[in-house]
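Thanks for coming. I will go through one structure today, starting with its metal site and moving on to helices and charged pairs.

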Amino acid sequence: MKGSSEDGNNSEALEYFFKLLEKIAVRRNLDPNVMLEVTKRLMSNSDSRGLSDENLEEITGIRQNEIRKVLRTLYELKIATYRRGRHPETGSTRYYWTIDPNMINIFIYSLKKKILEKLKKKLEFEESMTFYICPVDGTKYTFEEAFDYNFICPKCGSMLVEYDNSKVKEFLRKKIREFEEEIKEDERKLFGSRSV
Ligand SMILES: [Zn+2]
């Protein structure tokens, strides 16, 4: 996830952001291609007045109701904002949408913080537990589970052996350090030297 660019909006973070958007789209029954297309159009739009759903339809050929669903989601995620305006010809109310690149950075930053919390919980769990494993099918059990099964694998009847999870813990600690460093770097870029 680390990039060499100094502008805080490096391409690796963007790739990550786009992958996430695809996942969010799928989870919300939206077309991931529409999600990406609309987001990218808004990001590359240099006109600070923004683009309306009608403008986006003209540019992309995607139907307005599909576009609006995506815009609503981007708004909920605090990635896109709108301003109210008037249609240049009909005078009816229209919403003009923009994406502030800083919002994307903040979005990625808060996501990293969530992942870090999950990693810390996972490490805590691994540190507090003794695990057992079936040497035949590789199924892992906590001590309590293994105890309940009399240390015999319920799947295949093999004798369970104690599982050394030091590699897992080592991996988690490394990941946690990486995320902590990235978060610190993001904070420096987003909020100056002040830590949040
Ligand atoms: Zn087994």
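What is the geometry of the site of the zinc ion, given the angles among its 4 donor atoms? Before I answer, note that this is a predicted model. The angles run from 102 to 118°, and the site is tetrahedral. For reference, four donors get that label if all angles lie between 85 and 135 degrees, so this site qualifies because its angles run from 102 to 118°.

Now the donors. Three of the coordinating atoms are sulfurs, the SG atoms of Cys 134, Cys 153 and Cys 156, and Asp 137 contributes an OD oxygen. The distances to the zinc ion are 2.2 to 2.3 Å. Along the sequence, the donor spacing reads C-x2-D-x15-C-x2-C. The pair Asp 137 and Cys 153 links distant parts of the chain, the two residues being 16 residues apart. Asp 137 sits in the loop between strand S4, residues 131-133, and strand S5, residues 140-142. Cys 153 sits in the loop between helix H6, residues 143-148, and strand S6, residues 161-163.

Are these donors buried or exposed, taking Cys 153 as a case? Cys 153 counts as buried, at 2% relative accessibility. Cys 134 is buried as well, with a relative accessible area of 1%. Asp 137 is partly exposed, with a relative accessible area of 35%. The cut-off for buried is under 20%, so Asp 137, at 35%, does not count as buried.

With several cysteines around, one may ask how many disulfides the count comes to. The count is 0 disulfides.

Next, helix H2, residues 32-44. Its 13 residues should span 18 Å at 1.5 Å a residue, and the end C-alpha atoms are indeed 18 Å apart, so the two values agree. At the start of H2, a side-chain oxygen of Asp 31 comes to within 2.8 Å of the backbone nitrogen of Asn 33. The buried residues in H2 include Val 34, Leu 36, Val 38 and Leu 42. Met 35 and Thr 39 are buried too.

H2 also carries a charged pair. Arg 41 and Glu 37 form a salt bridge through their side chains, at 3.0 Å from N to O. The two residues both lie in H2, 4 residues apart, about one turn of the helix. As a general point, an α-helix has 3.6 residues a turn, so residues three or four places apart point the same way. Arg 41 is partly exposed, at 32% relative accessible area, and Glu 37 is partly exposed at 28%.

Helix H4, residues 64-76, gets the same check. At 1.5 Å a residue, its 13 residues should span 18 Å, and the end C-alpha atoms lie 18 Å apart, which agrees. Among its buried residues are Ile 67, Val 70, Leu 71 and Leu 74. Gln 64 and Thr 73 are also buried in H4. Just after H4, Lys 78 takes a positive phi of about 65°.

On to helix H7, residues 166-191. Which residue forms a salt bridge with Glu 178? That partner is Lys 174, with the closest N and O atoms 3.5 Å apart. Both lie in H7, 4 residues apart, about one turn of the helix. Glu 178 is partly exposed, with a relative accessible area of 31%, and Lys 174 is partly exposed at 43%.

Another H7 pair is Glu 185 and Arg 188, bridged with closest N and O atoms 2.9 Å apart. These two are 3 residues apart, again about one turn of the helix. Glu 185 counts as partly exposed at 29% relative accessibility, and Arg 188 is partly exposed with a relative accessible area of 42%.

Glu 170 lies in H7 as well. At 55% relative accessibility, Glu 170 counts as exposed. Its C-alpha atom is 9.1 Å from that of Leu 123, though the two residues are 47 residues apart along the chain.

Finally, the overall tally. How many salt bridges does the structure hold? The number is 16. Outside the helix pairs I described, Asp 53, Arg 68 and Arg 94 are linked in a network of salt bridges.

That is what I had; I will take questions now.

Methods: Residues numbered from 1 in each chain as written. Predicted model: local features only at pLDDT ≥ 70, side-chain atom pairs only at ≥ 80, totals over all residues. Heavy atoms only, no water. Donors = N, O, S within 2.8 Å, 3.2 Å for Na, K, Ca; no water. Tetrahedral: all angles 85-135°; square planar, octahedral: opposite > 155°, others 65-115°. Buried < 20%, exposed > 50% of the residue type's maximum accessible area, 1.4 Å probe, protein only. Expected span 1.5 Å × (residues − 1). Polar contact = N/O pair within 3.5 Å; in protein donor to acceptor, adjacent residues only side chain to side chain. Disulfide = S-S within 2.5 Å. Salt bridge = Lys/Arg side-chain N within 4 Å of Asp/Glu carboxyl O.
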